[in-house]
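Grab a pencil and let's work through a few exercises together. Try each task yourself before you read its solution.

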Amino acid sequence: MTTVLALQWDWSFFTENADELLAGMRRTLEASAIGIAGALVIGLVLGAARAHRIPVVSQLAGIYVEAIRNTPILVQIFMLYFALPQIGIRLDAFIVAWLAVMIWGGAFNTENFRAGFEAVPVRYREAGLALGFSRMATFLNVTLPIGGRISLPSSINTYISIVKNTSLMYVIAYPEFTTTALQINALTLQTTETFAALAVGYLIVVWTMSVLIRLVEARLALPKDTR
Amino acid sequence: MNIPDWVQPVAEYVFRTGLVNTLKISALALVGSTVIGIVLGTLLTIRFLPGQALIRLYIEVWRGLPILVTIFMIFFLLPSLSQQLRVDDPLIAAAIGLTLWGSAQVAEATRGAVASIPREQHEASAALGFGWIGRHVHVILPQAVRRLLPPIVGLLVNIIQNTTIAQVIGAPELLESSERQVERLTFEGQEHAVEIYGAVMVLFFLISFPLTRLAAYLERRLV
């Protein structure tokens with residue numbers, strides 16, 4: 001038995017489909033950007049509420065975090081897109097694309113920021129309060145700058161996952177990068193080139209973001225004695 | 001309380017087919033990820049081993065690609081390269097895809113865990129006459145496993161949740177099997193998507209939540 005690797009390679013695939021592929025990548029980045037911005041806000045607010053044990057909000061945030069983290073995001077997408085219309089809520093594919101990753105990323109980010117804020121020594125907060133800062137001012141001037149830096153690497157990891165998770169929008173046929181590439185494949189049957197384009201596209205984005213983590217970590221690392 | 005008539009056949013199919021297949025994919029992927037990941041991660045700790053760049057590439061590629069793309073690669077790209085590489089069973093294709101991703105995660109964790117074992121342990125076991133393999137199998141890895149356990153339980157939670165991605169290649173796991181039931185009922189003029197997908201979420205929660213708690217507990221106890 002001989003293994004025949006029928007490797008067909010046609011460079012023109014990339015020039016001919018460049019516009020469509022780039023449009024798909026643009027939609028991936030759009031949905032990711034909105035999702036990341038929302039997840040950042042959710043994470044900061046709910047993470048602070050969790051870390052400061054603000055009654056009611058903290059418990060509700062805890063339920064939200066556990067509910068999202070312990071259920072698959074793909075089922076969450078099915079719920080938003082295929083089940084909600086049953087009770088009269090119709091969201092279009094683009095909204096589901098960013099909303100799903102926003103809700104998902106927000107839950108993980110709440111944990112990232114909670115951990116960061118809790119890592120700030122209590123005495124710093126006490127010092128702020130003793131200096132006459134309000135609780136809000138103490139948070140904004142003391143806890144946020146220090147805790148935010150501590151949570152930055154893990155939160156960027158969550159943003160990387162957000163970008164990767166937009167590929168799941170394939171199931172709702174939102175024409176982001178993966179869906180676009182597979183639609184092109186269905187027409188051209190140039191499977192090798194399609195997956196090469198997919199792999200290169202995602203790896204460029206994901207690896208760039210990983211490099212960013214390292215740069216940010218080095219740049220924003222807390223001076224040794226503050227820790 | 002009366003249970004509506006549509007519930008029983010749905011539950012039966014989703015449990016007998018969906019849940020069983022989800023557990024099958026998860027078990028295969030967990031074992032594959034752990035074995036491959038520990039070997040690759042340990043190899044990464046050797047200094048000046050030729051070919052290490054390839055292991056790094058393996059880790060960065062499979063961690064970097066969305067699992068959906070990886071599973072599609074196994075299912076659609078491999079057979080287009082060669083008929084002998086065809087994976088007919090979508091359950092196996094999904095398990096392979098999840099293993100590529102999971103083994104990259106375990107390899108990273110193993111590298112860290114092995115590196116955290118003090119040098120003296122290596123030196124002492126070398127002095128006792130152990131070769132590289134004996135040293136790792138009998139001395140280093142048993143200690144590293146303590147540190148590996150929390151991330152591996154965490155990985156199991158992620159694997160179980162990510163088995164749902166096998167839905168895209170039609171593997172009848174929990175999500176696919178419940179989608180089939182939703183569609184069957186819709187075809188018969190009944191809409192129960194909210195209840196069925198809601199129940200699937202509850203089921204995943206019941207499986208995942210104790211495991212995430214276990215991972216957190218192990219993290220506190222063992223590290």
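Two residues count as being in contact if their C-beta atoms, placed from the backbone, lie within 7 Å. Keep in mind that this is a predicted model.

**Exercise 1.** Work out how many residues each chain brings to the contact, and which helix of chain A gives the most.

*Solution.* Start with the totals: chain A puts in 34 residues and chain B puts in 31 residues. Next, look at the helices on chain A's side: H2 (57-69), H3 (73-83) and H8 each supply at least two residues. The top contributor is H8(A), with nine residues. Finally, sort chain A's side by character: 23 residues are nonpolar, eight are polar and three are charged.

**Exercise 2.** Check whether the length of helix H7 (residues 177-188) of chain A fits its residue count.

*Solution.* The helix has twelve residues, and the expected span is 1.5 Å times one less than that number. That gives 16 Å, and the end C-alpha atoms are 16 Å apart, so the two agree. Now see what surrounds H7(A): its buried residues include A:Phe177, A:Leu182 and A:Ile184. Among their covers are H1 (12-51) and H8 (191-220) of chain A, plus H3 (67-81) of chain B. Just past the end of H7(A), A:Leu189 has a positive phi of about 60 degrees.

**Exercise 3.** Describe how H1 (residues 7-43) and H6 (residues 132-162) of chain B pack.

*Solution.* First the geometry: their axes come within 10 Å and cross at roughly 145 degrees, and the crossing is right-handed. Then the residues: B:Ala29 and B:Leu30 are among those from H1(B), while H6(B) offers residues including B:Leu155 and B:Ile159. By type, the contact has eight nonpolar residues, six polar and no charged.

Note on methods: Residues numbered from 1 in each chain as written. Chains lettered and ligands numbered in written order. Predicted model: local features only at pLDDT ≥ 70, side-chain atom pairs only at ≥ 80, totals over all residues. Helix = DSSP H or I, 4+ residues; strand = E, 2+ residues; numbered from the N terminus. Buried ≥ 20, exposed ≤ 12 C-beta atoms within 10 Å, placed from the backbone. Axes fitted to C-alpha atoms, helices over the stretch in contact; angles between N-to-C directions. Left-handed = near helix turned anticlockwise from the far one by under 90°. Nonpolar A, V, L, I, M, F, W, Y, C, P; charged D, E, K, R; others polar.
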